[in-house]
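Me: Please take a close look at one part of this structure, the charged side chains that pair with each other. I would like to know where they sit and what they connect.

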Amino acid sequence: MNYSALIKNVLLQKKKFTLLLKGKSMEPTFFEGDSVVVVPTDQINIDDIILFEVNDTVVFHRVVEIFGEWIVTKGDNHICCDDLIHQSQVLGKYLKESNTYTSLLKADNKKIDFCMHDCSISRTLQDIIGSSSINLLSSTELKRSCVNIGVLAMANTTINEVLPNIQKDKNVVFHFNVKVSNKKRDGFYVFEDFDYVVRLCGRIPNSLLTIEQQAIMTLGMINCIGD
């Protein structure tokens, strides 16, 4: 039995597997010789670190994009992404320590809205959002009673970095395709109009994603919180 088959056999029995890392591809997050715990999983999300099989070898890299059943990964120390893999190649994922932002967005049945500025979305996306109990706003005006989060490609922080700071007693509105400027001008907001301005992922620019892909990615991040 080869190494990947051994790991797969352990994880199929719903057991944890302690992996001794080789190579420098995940520096500075992990270093060669570090031991990590891998657990079986049925759910893969952006920014998870997964263990997957490629040609009878195993790779321990971070998820940077998901397209249905296909996954894009990259070593933290690499410039380029790996070849696309299928979810059937995933053996398990890194067992993280508990996150400080767990359940913040789901706490007390908090209401979450999506606002699409000056863009149309497909019926399919409307159905996906609707099935998740998230409301699509028809008005693009910022609600001062809510936490307004602008999703922008040029933001300095990622969405996960701001989650611990979201007020628990306010509803949240995510604004997509919004125009933002450093100064007041027609058709633009200024950065100060938002409580937070975020990008979705530190490794793939929002500009490479359609508005629908950005919404789906955000939806996935919200749904995984508290699981």
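Reply: In this predicted model, a network of salt bridges links Asp 47, Arg 62 and Asp 76. Arg 62 takes part in both of the contacts described next.

One contact is with Asp 47: the closest N and O atoms of this salt bridge are 3.3 Å apart. Asp 47 belongs to the loop between β2 (35-39) and β3 (49-54), while Arg 62 is in strand β4 (residues 57-67), so the bridge ties together parts that are 15 residues apart in sequence.

The other contact is with Asp 76, where the side chains meet in a salt bridge of 2.7 Å, N to O. Here, too, distant parts of the chain are linked: Arg 62 lies in strand β4, and Asp 76 lies in the loop between β5 (70-74) and β6 (85-86), 14 residues apart.

How exposed to the surroundings are these three residues? Arg 62 has a relative accessible area of 8% and is buried. Asp 76 also counts as buried, at 18% relative accessibility; the cut-off for that word is under 20%. Asp 47 has a relative accessible area of 24%, so it is partly exposed.

The residue that follows Asp 47 in the numbering, Asp 48, has a salt bridge as well. Its partner is Lys 93, and the distance is 3.3 Å, N to O. Lys 93 is part of strand β7 (residues 90-94) and Asp 48 is part of the loop between β2 and β3, so this pair ties together parts that are 45 residues apart in sequence. Both partners are buried: Asp 48 has a relative accessible area of 8%, and Lys 93 has one of 18%. The loop between β2 and β3 therefore holds Asp 47 as well as Asp 48. In total, the structure holds five salt bridges.

For context, here are the nonpolar parts. In soluble globular proteins, nonpolar side chains tend to be buried together. The largest nonpolar core in this model has 32 residues, and those with the most contacts inside it are Ile 50, Phe 114, Met 116, Ile 149 and Phe 174. Among the elements that give two or more residues to this core are β3, β8 (112-116), β10 (147-151), β12 (172-176) and α4 (211-224). A second, separate core has 13 residues, including Leu 19, Leu 21, Phe 30 and Phe 60.

Conventions. This is a predicted model: local features need pLDDT of at least 70, side-chain atom pairs count only at pLDDT 80 or more; totals for chains, interfaces and linings use all residues. Side-chain values use heavy atoms; hydrogens and water are left out. A salt bridge is a side-chain nitrogen of Lys or Arg within 4 Å of a carboxyl oxygen of Asp or Glu. Helices (H or I, at least four residues) and strands (E, at least two) are DSSP runs, numbered from the N terminus. Buried means under 20% relative accessible area, exposed over 50%, partly exposed in between (1.4 Å probe, protein chains only). A nonpolar core is a set of buried Ala, Val, Leu, Ile, Met, Phe, Trp, Tyr and Cys residues joined through side-chain atoms within 4.5 Å.
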